[in-house]
Amino acid sequence: MQNSVQTGAATRIPFDTAKLDGLMEAAGLDVLFVTSKHNVQYLLDVERAIFFDYMDAIGTSRYLPVVVYAKGAPEKAGYVGHGMETHQREAMRPWVPTLNVSGHGSLDAIATAVQMIRASGVPARRIGVETAFLPMDAGRALQDAFPHSEIKDALFVLERLRAVKTPAELAKLRAASERVTEAMLDVIAHHGPGTTKRQLFDALRIAEVTRGLTFEYCLLAAGSSYDRAPSEQRWEAGDVLSLDSGGNYHGYIGDLARMAVLGEPDAELQDLLAEIDAVQQAVFAVIEPGAMGGAIYAAAERALKETGQRDNIEFLAHGMGLVSHEAPRLTASGPIRYDAADTDRPLEPGMVISVETTMKHPRRGFIKLEDTIAVTATGYQMFGEAGRGWNRGGARAPRE
């Protein structure tokens with residue numbers, strides 16, 4: 001393969017084209033220009049370009065992958081990539097009939113994608129783009145190329161396409177979740193009094209990478225502090241420790257939180273974590289196919305009224321997948337602002353939801369559980385369920 005190839009498509013298209021066509025029709029779109037790395041991965045069902053997995057900037061421009069898809073015409077779909085991913089696409093060719101990996105920047109990419117659409121002969125009166133993932137220079141070039149076309153945001157279309165996970169996607173989310181909890185429990189068990197939060201952060205990063213994850217973040221609080229940044233603060237005897245970490249498995253995010261204590265948890269700590277778990281369990285009980293998304297927050301609100309620490313507790317639920325905080329979107333008042341598009345929509349088998357309850361106790365510190373829940377045909381299933389109680393710090397730490 002030279003830097004540009006145009007050959008027949010693979011036989012298997014990895015997503016439901018009829019569903020995408022219907023979503024595009026409802027949104028009034030003729031063609032999509034998809035430019036986010038997560039949606040490009042989803043539509044092509046191939047690994048992201050390895051050279052650009054951690055960065056986009058190169059030279060005087062940036063990496064801009066583009067999947068071009070025309071409504072009702074998957075045989076005219078194409079992919080525009082960067083010259084640095086030529087060999088990767090040789091090893092695993094995407095399904096699209098037209099493939100071009102000869103470009104070196106955002107303007108190259110959009111110009112090639114425009115040529116693909118023009119050569120295909122499909123209408124481009126109404127173009128869907130990812131406005132949050134289309135740089136200004138490329139956006140201007142696209143509008144200049146189609147001056148009489150309407151350019152609209154396609155976020156909702158692409159999010160709805162991904163909302164229900166396939167069995168393969170669910171397997172990746174399960175693997176990500178299980179490996180994150182395994183890593184957290186391993187770090188807790190092997191670190192004792194005097195360990196700094198920075199050391200715990202670094203140890204968790206190594207533990208997740210060792211398990212085949214891409215480490216994304218760890219928010220950690222120790223003692224009575226609510227500060228969740230890595231620092232030189234030490235974890236000491238009697239202190240609680242909260243670990244909230246995201247690890248990425250082939251693009252899919254495991255995001256969970258677990259608690260630990262150095263020593264034995266006293267009765268108060270047992271009661272506090274039990275209050276948090278009571279909220280979690282109340283929410284789990286209403287998760288089933290056909291239930292309205294709003295039932296999740298209604299269940300949490302009822303449970304919170306019964307807790308002794310209700311003034312110190314916050315609840316949050318959000319969708320999980322290739323993106324943290326994706327569909328189903330269940331609240332308009334969370335820390336990541338978006339509309340509650342799924343409050344009045346039914347949950348469907350294959351949707352995945354992160355359920356998290358956080359307590360900021362005035363004396364005992366930051367106490368939290370975060371769990372990953374998949375909607376099934378009969379109810380729900382938890383991914384990465386280990387370690388939901390008080391985990392003992394230093395249980396396997398080396399003795400001096």
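**Exercise 1. A loop threonine**

Classify Thr307 as buried or exposed, then place Thr307 in the predicted model.

*Solution.*
- Step 1. Thr307 has a relative accessible area of 4%. The cut-off for buried is under 20%. Thr307 is therefore buried.
- Step 2. Thr307 sits in the loop between helix 10 (294-305) and strand 15 (313-319).
- Step 3. Now look for Ile276, 31 residues apart from Thr307 along the chain. The two C-alpha atoms are separated by 8.4 Å.

**Exercise 2. A loop proline**

Do the same for Pro147: buried or exposed, and in which loop?

*Solution.*
- Step 1. The relative accessible area of Pro147 is 53%. Exposed means over 50%. Pro147 is therefore exposed.
- Step 2. Its loop runs between helix 5 (136-145) and strand 9 (150-153).
- Step 3. Take Arg125, 22 residues apart from Pro147 along the chain. Their C-alpha atoms are 9.6 Å apart.

**Exercise 3. Aromatic pairs**

Work out the geometry of the pairs Phe51 with Phe52 and Phe201 with Phe215.

*Solution.*
- Step 1. Know what to look for. A pair of aromatic rings is described by the distance of the centres and the angle of the planes.
- Step 2. Count the pairs. Ring centres must lie within 6.5 Å. The count comes to seven aromatic pairs.
- Step 3. Take Phe51 and Phe52. Their ring centres are 5.1 Å apart and their planes stand at 80°, so this pair is edge-to-face.
- Step 4. Check the accessibility of each partner. Phe51 has 35% relative accessibility, so Phe51 is partly exposed. Phe52 has a relative accessible area of 1%, so Phe52 is buried.
- Step 5. Take Phe201 and Phe215. The centres lie 5.3 Å apart with planes at 90°, so this pair is edge-to-face too.
- Step 6. Place the partners. Phe201 is in helix 8 (residues 197-210) and Phe215 in strand 11 (residues 214-222), so the pair ties together parts 14 residues apart in sequence.
- Step 7. Check burial. Both Phe201 and Phe215 are buried.

**Exercise 4. A cluster and a charge over a ring**

Which residues form one aromatic cluster with Trp95, and over which ring does the charged end of Arg118 sit?

*Solution.*
- Step 1. Trp95 forms one aromatic cluster with Phe15 and Tyr69.
- Step 2. The charged end of Arg118 sits over the ring of Phe146. The distance to the ring centre is 5.4 Å.

**Exercise 5. A surface patch and a histidine contact**

Find the nonpolar surface patch that includes Met84. Then trace the contact from His82 to Met84.

*Solution.*
- Step 1. The patch holds Ile50, Phe51, Tyr54, Met55 and Met84. Together they have about 580 Å² of accessible area.
- Step 2. Phe51 returns here from Exercise 3, where this residue also pairs with Phe52.
- Step 3. Met84 lies in the loop between strand 6 (78-82) and helix 3 (86-91). Its relative accessibility is 45%, so Met84 is partly exposed.
- Step 4. His82 is in strand 6. His82 has 4% relative accessibility and therefore counts as buried.
- Step 5. The His82 side chain reaches the backbone nitrogen of Met84 at 3.0 Å.

**Exercise 6. Salt bridges of Arg388**

Name the acidic partners of Arg388 in the salt bridges with Asp277 and Asp371, and compare their burial.

*Solution.*
- Step 1. Recall the principle. Side chains of opposite charge can pair when their charged atoms come close.
- Step 2. Arg388 and Asp277 form a salt bridge, 2.8 Å from N to O. This pair links distant parts of the chain, 111 residues apart. Arg388 is in the loop between strand 18 (380-383) and strand 19 (390-392), and Asp277 is in helix 9 (residues 267-284).
- Step 3. Arg388 has 16% relative accessibility, so Arg388 is buried. Asp277 has 22%, so Asp277 is partly exposed.
- Step 4. Arg388 also forms a salt bridge with Asp371, at 2.9 Å from N to O. Asp371 lies in strand 17 (residues 365-375), 17 residues apart from Arg388. Both residues of this pair are buried.

**Exercise 7. The salt-bridge network**

How many salt bridges are there, and which residues join Glu159 and Arg160 in one network?

*Solution.*
- Step 1. The count comes to 29 salt bridges.
- Step 2. Arg160 and Glu159 meet in one of them, at 3.2 Å from N to O. Both Arg160 and Glu159 are buried.
- Step 3. Follow the shared partners. Salt bridges join Glu159 and Arg160 with Arg329, Asp339 and Asp342 into one network.

How values were computed: Residues numbered from 1 in each chain as written. Predicted model: local features only at pLDDT ≥ 70, side-chain atom pairs only at ≥ 80, totals over all residues. Heavy atoms only, no water. Phe/Tyr/Trp six-rings, centres within 6.5 Å; stacked < 30°, edge-to-face > 60°. Buried < 20%, exposed > 50% of the residue type's maximum accessible area, 1.4 Å probe, protein only. Helix = DSSP H or I, 4+ residues; strand = E, 2+ residues; numbered from the N terminus. Lys NZ or Arg CZ within 6 Å of the ring centre and 35° of its normal. Patch = residues over 30% accessible without salt bridge, like charges linked within 9 Å, V, L, I, M, F, W, Y side chains within 5 Å. Areas by Shrake-Rupley, 256 points an atom, 1.4 Å probe, with all protein chains shown as cover. Salt bridge = Lys/Arg side-chain N within 4 Å of Asp/Glu carboxyl O. Polar contact = N/O pair within 3.5 Å; in protein donor to acceptor, adjacent residues only side chain to side chain.
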